[in-house]
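Trainee: I am new to this structure, and I would like to take a close look at one single part of it, with its surroundings explained afterwards. Could you take me through it slowly?

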Amino acid sequence: MSAEAVVADHGHDEHATTTGLSHTKLAMWVFLGSECLLFGGLISTYLLYKTRGNNRTLPTDVFDIPFTSVSSFVLLMSSLTMVLALSAVSRGEEEAGRTWLLATALLGGVFIGGQVYEFTSFVREGVAFTTNPASSAFFTLTGFHGVHVSLGIVMLMSLFVASVKGKLTQRNSETVEIVGLYWHFVDIVWIFIFTVIYLIPAD
Amino acid sequence: MAITEHTPLEIGPGDTARYAQRPLGVFTRPQEGRGWRDWLSTVDHKRIGILYGASAMFFFLVGGVEALLIRLQLAAPEGSVLSADVYNQVYTMHGVTMVFLFIMPLAAAFANYFIPLQIGARDVAFPRLNALSFWIWLSGAIFLNTSWIVGGGGADCGWFCYSTNSGVAFSPSHGVDFYAIGLQILGIASLVSSVNLIVTCLNMRAPGMTLMRMPVMTWMLLITQFLLLFALPVITVALFLLMFDRLFDAQFFNPDAGADPLLWQHLFWIFGHPEVYIIILPAFGVVSEVIPTFSRKPLFGYEFMVFSGIAIGFMGWGVWAHHMFVSGIGPISVAAFSLSTMFIAVPTGVKVLNWLATMWGGKLKFTVAMKFAVATVAMFTIGGLSGVTHSVAPADTQQTDTYYIVAHFHYVIFGGGVLGLFAGMYFWWPKIWGHFLNERLGNWHFWVMLVGFNLTFGPMHILGLQGMSRRIDTYARGYGFEFWNMAATVGSLLIAVAVLIFIWNVVKSKRDAPHLPPPGPDPWDGRTLEWSIPSPVPTHNFDTVPQVHSRDDWWHTKYAEDDDGRVVRVATVEEAAQTGEATGVHLPSPSFWPLAVAVGLPLIGYGLIFNLWLALIGALLTIASLYSWALEPVDDPDAAHDHHEEDHQEAQEADNDGDEQ
């Protein structure tokens, strides 16, 4: 069997996959399935422990709902800019794509900044990581989410740099889509966390 | 971007020079070759499979030595081979080693090697991630075992490491820290590998290979990957909580602060019970290939086999609390989990019946592989039946933490998992290495192992029902434990002899191979695609990607029914098999970066335990390696996209433009 003959066999559909999705996109979906269980475990842990205060201040006692509502809103808006970034890149408008990528990363950064502020003010009010099971569970859950957002920002900035170097074009806009999948997932997880942890009262 | 089997074959023979001339960072892009360095940078799924298998067998010996120490300690009353403290460490590390460092990677070896071959693909979806999985696994395995040297001993809390035993107060050495971090590293490896293999199975099947035409082994391995995908994050959460408790004074498992030790048990067993199926399903897959081949019949009830496997995969998530019947979870939970535990025996029973029905009326040929496969079914059935007795909660209350449990799970994991994977080794050895394992030595291996296994673990049923606890380092005279403990110790020595026979078999059959006729592509008259290509498998697997027309496609290439419904041979192997002589097949280039990334992780682990600066160095190494990896040009299919003809000059320019994905 000569090489030429094999090329002739498959030369026309070298990107064909069985499902029609690219490997990387499918992999991201599969990975996000796994992430659901990770956050599921952490959220369950917090729900089990949210009233275990060891006679010290509970996280629910120091929640600042208006503040967290605003930072949640900022994070949700970053999903909108993410969609706009993908739309721009896939239409070949690289300049606009860069703008929206940067905007998404900035909004994510604002959210992280808000989380840092929130954590420090909680510690000042007597709820630190080691205070009680409830606080350990709270900081671990929201901290994990924060790490996920931060990794997302790193990915967005990598895309931004790639775009500046001219390596992010319409042809590989799928990369933006895949980072977007991750970004939206992290946002959705925050909707769960905000609803279940912040909005539903402890007792 | 990954290389698919559909990627055009655009590099001429011998034209690998342009891949070697790309210095990036500190590494020159390696070329695929034959020296030992090539094993460090390989991305070939077959070589990675072999690496998994060889390392797993090494840790089998490590875990086996630990097992023998346990049995020597317990051979007679008031044993003094090990101190109580060391005994705790040895049985913990025995369990952890056998589960995470032997059976799981051995199953991963089969998955890596045979999933692409059975679905007609040239590699997995992400070849470099595949290498990463292996190297992370190996670095985690080494990390875990270095706790003997630098951690003040192994973990000493049992393989399920219940809180509060795992706390600093009761386990002050660093053993549990190594356990918590080591298993996280191993978990990353399995997670990456599961994503990779799921995408491979779903996305890289040869034309015509529908899901319901996939070989049952690939099906079982696919279900295993889904179980890994969903189970590992749960134990990762548990391990994180444990690590934070021990290293950073979190309060997750501190009952004095109001924490609930049962949280650990729930999280662990939500992972831990699917883990049982993660261990056993690959062996089920192997048996489902071996038995039809040596019965010369198609697998009975293919659909039932597939769907019972899926049913096990789902129901495996609803039975975890049967490990916790004595922990006070309440009568409703106990009743619910009793029922679900009884139900999960049904799909397993379906499988056993289908294997028997496959053999029924078949032209049975008892090669060593077949003997191991049949023994797997028999031994697993014994273990499965004693498992059903655990679903009877009152009886289980009596049996919890006794040797009855030890007997049960060894019948399932050793009798099912290990014997099944040995069947796979004898079956596929000629495919992997191009020569058979010696059948005469194989018979010795089989019978000594079977007798030794039953002699070791059979008596433990009796010991357990007599009330002997597990995890005790010794026992007093006069309880009637003496005879059966000695029997079990003799049995364990027989198992050790059997393993030595196997190793001798590996050496001897390699040595004898040049004097024996080669097995050819299809020595067993096999049914699935891997038998349609030469043994050993050429680097590119398939000369042409096969077109699949039916289940057991290779069998139907060789045989058809005549007008009277009799099976007649329509093609010889020589006519139908591929020659493996295709040249210029476009294959993914090797890379050192997966190894570099993997080296960073244990550094982070040591750093978390001993000195955070070290963790920082490890993290920087990992991040830098990840970025270098991302910037390292894959021999990009996009570059090939525009070049259907072999135009090297043009391809090189396109490459230098740097389609960096």
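Mentor: Helices (H or I, at least four residues) and strands (E, at least two) are DSSP runs that are numbered from the N terminus, and with that in hand we can start from Phe427(B), which lies in helix α14 of chain B. The model is a predicted one, in which local features need pLDDT of at least 70 and side-chain atom pairs count only at pLDDT 80 or more, while totals for chains, interfaces and linings use all residues. Residues are numbered from 1 along each chain as its sequence is written, chains are lettered from A, and ligands are numbered from 1, in the order in which they are written.

Phe427(B) counts as buried because it has 25 C-beta neighbours inside 10 Å; the cut-offs are 20 or more other C-beta atoms within 10 Å for buried, 12 or fewer for exposed, and partly exposed in between, with C-beta atoms placed from the backbone. Once residues up to four places away in sequence are left aside, Phe427(B) touches Val290(B) and Ala369(B), where a contact requires that the C-beta atoms of two residues lie within 7 Å. Val287(B) sits 140 residues from Phe427(B) along the chain, and yet their C-alpha atoms are separated by 10.0 Å.

From this residue we can widen the view to its helix. Two packed helices are described by the angle between their axes and the distance between those axes. The axis of α14 (residues 403-433) of chain B comes within 11 Å of the axis of α4 (residues 84-119) of chain B, and the two cross at roughly 35 degrees; these axes are lines fitted to C-alpha atoms over the stretch in contact, and the angles run from 0 to 180 degrees between N-to-C directions. The crossing of α4(B) and α14(B) is left-handed, that is, the near helix is turned anticlockwise from the far one by less than a right angle. On the α14(B) side the contact is made by Ile413(B), Gly417(B), Val418(B), Leu421(B), Gly424(B) and Ile432(B), and on the α4(B) side by Ile103(B), Leu106(B), Ala107(B), Phe110(B) and Tyr113(B). These contact residues comprise 9 nonpolar, 2 polar and no charged, with Gly counted among the polar.

The chain around this helix pair holds 22 helices and 4 strands. Chain B has a radius of gyration of 25 Å, close to the 26 Å that the globule rule gives for 661 residues, so it is as compact as a globular protein of that length; the radius is taken over C-alpha atoms, and the rule is 2.2 Å times the number of residues to the power 0.38. The C-alpha trace of chain B spans about 80 × 70 × 50 Å along its principal axes, and 57% of its 661 residues count as buried. Among the contacts in chain B with a separation of 6 or more, 81% join residues 24 or more positions apart.

Chain A gives some context beside it, with 7 helices and 0 strands. Its radius of gyration is 21 Å, well over the 17 Å that the globule rule gives for 203 residues, so chain A is more spread out than a compact globule. The C-alpha trace of chain A spans about 75 × 40 × 25 Å along its principal axes, and buried residues make up 41% of its 203 residues.
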